[in-house]
Amino acid sequence: MSLMPVEEALSRLLHGVGPVLETETVALRAAAGRVLADDISALRTQPPFDASAMDGYAVRAADASKGAVLKVTGISAAGAAFAGTVEPGAAVRIFTGAPLPAGADTVLIQENATLEAPDTLRVDVAAEPARHIRKAGLDFAHGAVLLQAGLHLRAGHVALAASAGHPQLPVRRRPRVAILATGDELVMPGESTGPDQIVASNGFGLAAMVEAHGGDVLDLGIAPDDLAVLEARLAEAEDARADVIVTIGGASVGDRDLVAPALQARGVELDFWKVAMRPGKPVMAGRKGALRVIGLPGNPASTMVAATLFLRPLVRRLAGLGAGLGLQRGVLSAAMPQGGERADFVRARLHYPPEGAPQVEALPRQDSSLLSIYALADALLYRPVAAPAAEAGQDCLFIPLD
Ligand SMILES: Nc1nc2c(c(=O)[nH]1)N[C@H]1C(S)=C(S)[C@@H](COP(=O)(O)OP(=O)(O)OC[C@H]3O[C@@H](n4cnc5c(N)ncnc54)[C@H](O)[C@@H]3O)O[C@H]1N2
Ligand code: MOO
């Protein structure tokens, strides 16, 4: 059976998948990282008045020539405007952000004047007309569309929404991803292990990945190798209206691999793929209506690499974020051997020289069971199928890890 190229597997998996359209409203403090569901317009004008950009004196430019002496008649502070008018020959003390009083047409910065008595100001440098004033609406006007639907909200967007008067924002519901570890050998971290048991790790890595890419996790824990239990856990995920179910382990050819029969019993249409990749060759993909299922191999580095290539783009697509492999260009730190019939996704470290592309250093041991190595990696060095041997310093492609 020929191996399926990674790109084909990814495009089959993403076929027909679009962003989750349901929306919810969240407090502004919870909005960063979410995807905006509607256009957001300003509920106010900013600044709402002509404001001083500097500390100094609000004056009439025509009166404030070099050597002129002006009478200080009041103060305009941020939050405490001067209610009167700046009359001819007068000046009003003004601070940054304060409203420009009526009558004034410019701000004389305090460095250019001397206060000779509490109410007597000498102009040292003539004021220019209309200086140091931020006109009303300079930042935005009431009703202007500031943020567009589909935007992935970052810190600056959240601050702008706050300034525009929005205490909360409409966002898309996060995709719900159910994660199920399978295997009689697994126990939770902190629990005591029998002589033939190990600790379940992969689900924790997947959950962190899902959350980092805009998904919510429904943790289904560990299911033993028991068809009825597996079916019950899958039913639980469907009842919770998961958008994606991810299973870990049982993706290969062993006799105790009950994940596929359990999924089929739940009516999931399943496809088994042998993907041309190392690690992570055996992958299951399925669908039942809008529900998508990915069956990941159990070896820890295989789980994480296959999740990086398939689950991460799927979650991002459902979340309304960009959903490619995220390949970037780098330079090899050391020579690499010729590639084989599977593309290699080599656990690697990135080094950033002062200039130019990052250096990509393959880590020494690449066995798919080694989490200690996976945890050191901050990238997967991508060596395509049958890649020719390459020298140190040659260009390469890599996928940054979370
Ligand atoms: N005869 C063949 N044997 C295998 C093949 C093959 O093509 N022919 N493929 C190998 C490859 S490649 C991989 S990858 C594994 C995948 O196997 P499974 O997906 O069926 O995974 P398991 O057998 O259930 O587990 C493998 C390994 O990983 C450990 N594991 C499982 N789940 C977890 C978890 N949640 N946390 C930590 N560790 C986990 C499990 O204990 C096993 O040690 O198959 C090869 N075999
Ligand atoms: O592809 Mo398996 O994932 O080599 O260990």
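Two strands are said to pair if DSSP finds at least two bridges between them. With that in mind, one can look at lysine 71, which stands opposite alanine 90 in strand S6, in a model that is predicted. Strand S5 (residues 69–76) and strand S6 (residues 90–94) run parallel, and five bridges join them.

**Confidence in the model**

The chain has an average pLDDT of 96, and 99% of its residues score at least 70. For the complex, the predictor gives an ipTM of 0.94 together with a pTM of 0.91. As a general caution, where pLDDT is low, the predicted coordinates should not be read in detail.

**The sheet that holds S5 and S6**

Strands of a sheet pair through backbone hydrogen bonds, and they do so either parallel or antiparallel. S5 and S6 belong to an open sheet of six strands, ordered S7-S4-S6-S5-S9-S8, in which the pairing is mixed. At its edges are strand S7 (106–109) and S8, each of which pairs on one side only. From one strand to the next, the twist in this sheet averages 40°.

The antiparallel sense is found between strand S8 (residues 113–117) and strand S9 (residues 120–123), which are joined by four bridges. A hairpin leads from S8 to S9 through two residues, and alanine 117 has threonine 120 of S9 as its bridge partner.

**The second sheet and the helices across it**

Another open sheet, also with mixed pairing, is formed by six strands in the order S16-S13-S17-S21-S20-S18. Why is one side of S16 and of S18 left without a neighbour in the sheet? Strand S16 (216–223) and strand S18 (269–274) stand at the edges and have a single partner strand each, so one side of each strand has no neighbour there. Neighbouring strands of this sheet are turned by 15° against each other on average, if direction is ignored.

Within this sheet, strand S13 (residues 176–182) pairs with strand S17 (residues 244–248) in the parallel sense, over five bridges. Here the bridge partner of alanine 178 is isoleucine 245 in S17.

Two helices lie across strands of this sheet. Helix H4 (residues 227–239) lies across S13, S16, S17 and strand S21 (291–296), and runs at about 170° to S16. Helix H6 lies across S13, S17, strand S20 (282–288) and S21, and its direction is at about 170° to S21.

**How H1 packs against H6**

Two packed helices are described by the angle between their axes and the distance between the axes. For helix H1 (residues 6–14) and H6, the angle is about 35° and the axes are 10 Å apart, while the crossing in which H1 passes H6 is right-handed. On the side of H1 the contact is made by Val6, Ala9, Leu10, Leu13 and Leu14, and on the side of H6 by Leu309, Phe310, Pro313, Leu314 and Arg317. Divided by class, this contact has nine nonpolar residues, no polar residues and one charged residue.

**Surroundings of the two ligands**

Ligand 1 is surrounded by 26 residues, of which the closest are Gly249, Ala251, Ser252, Pro297 and Gly298. The elements that give two or more residues to this shell are helix H3 (202–212) and helix H6 (300–319). Around ligand 2 one finds Arg278, Pro279, Gly280, Lys281, Pro297, Asn299, Ser302 and Ser368. Pro297 is thus among the residues named for both ligands. The table sets out the classes of residue in each shell.

| Shell | Nonpolar | Polar | Charged |
|---|---|---|---|
| Ligand 1 | eleven residues | twelve residues | three residues |
| Ligand 2 | two residues | four residues | two residues |

**Backbone details in the loops**

Most residues other than glycine have a negative phi, and most peptide bonds are trans. Which residues does a cis peptide bond with omega of about -15° join? They are glutamine 46 and proline 47, and proline 47 lies in the loop between strand S2 (40–41) and strand S3 (51–52). The peptide bond from arginine 278 to proline 279 is also cis, with omega near 0°; proline 279 has its place in the loop between strand S19 (277–278) and S20, and proline 279 is also one of the residues around ligand 2. Finally, histidine 132, a residue other than glycine, has a positive phi near 55°, and histidine 132 is found in the loop between S9 and strand S10 (133–134).

Notes. Residues numbered from 1 in each chain as written. Chains lettered and ligands numbered in written order. Predicted model: local features only at pLDDT ≥ 70, side-chain atom pairs only at ≥ 80, totals over all residues. Near = placed C-beta within 6 Å. Nonpolar A, V, L, I, M, F, W, Y, C, P; charged D, E, K, R; others polar. Axes fitted to C-alpha atoms, helices over the stretch in contact; angles between N-to-C directions. Left-handed = near helix turned anticlockwise from the far one by under 90°. Contact = placed C-beta atoms within 7 Å. pLDDT = per-residue confidence, 0-100.
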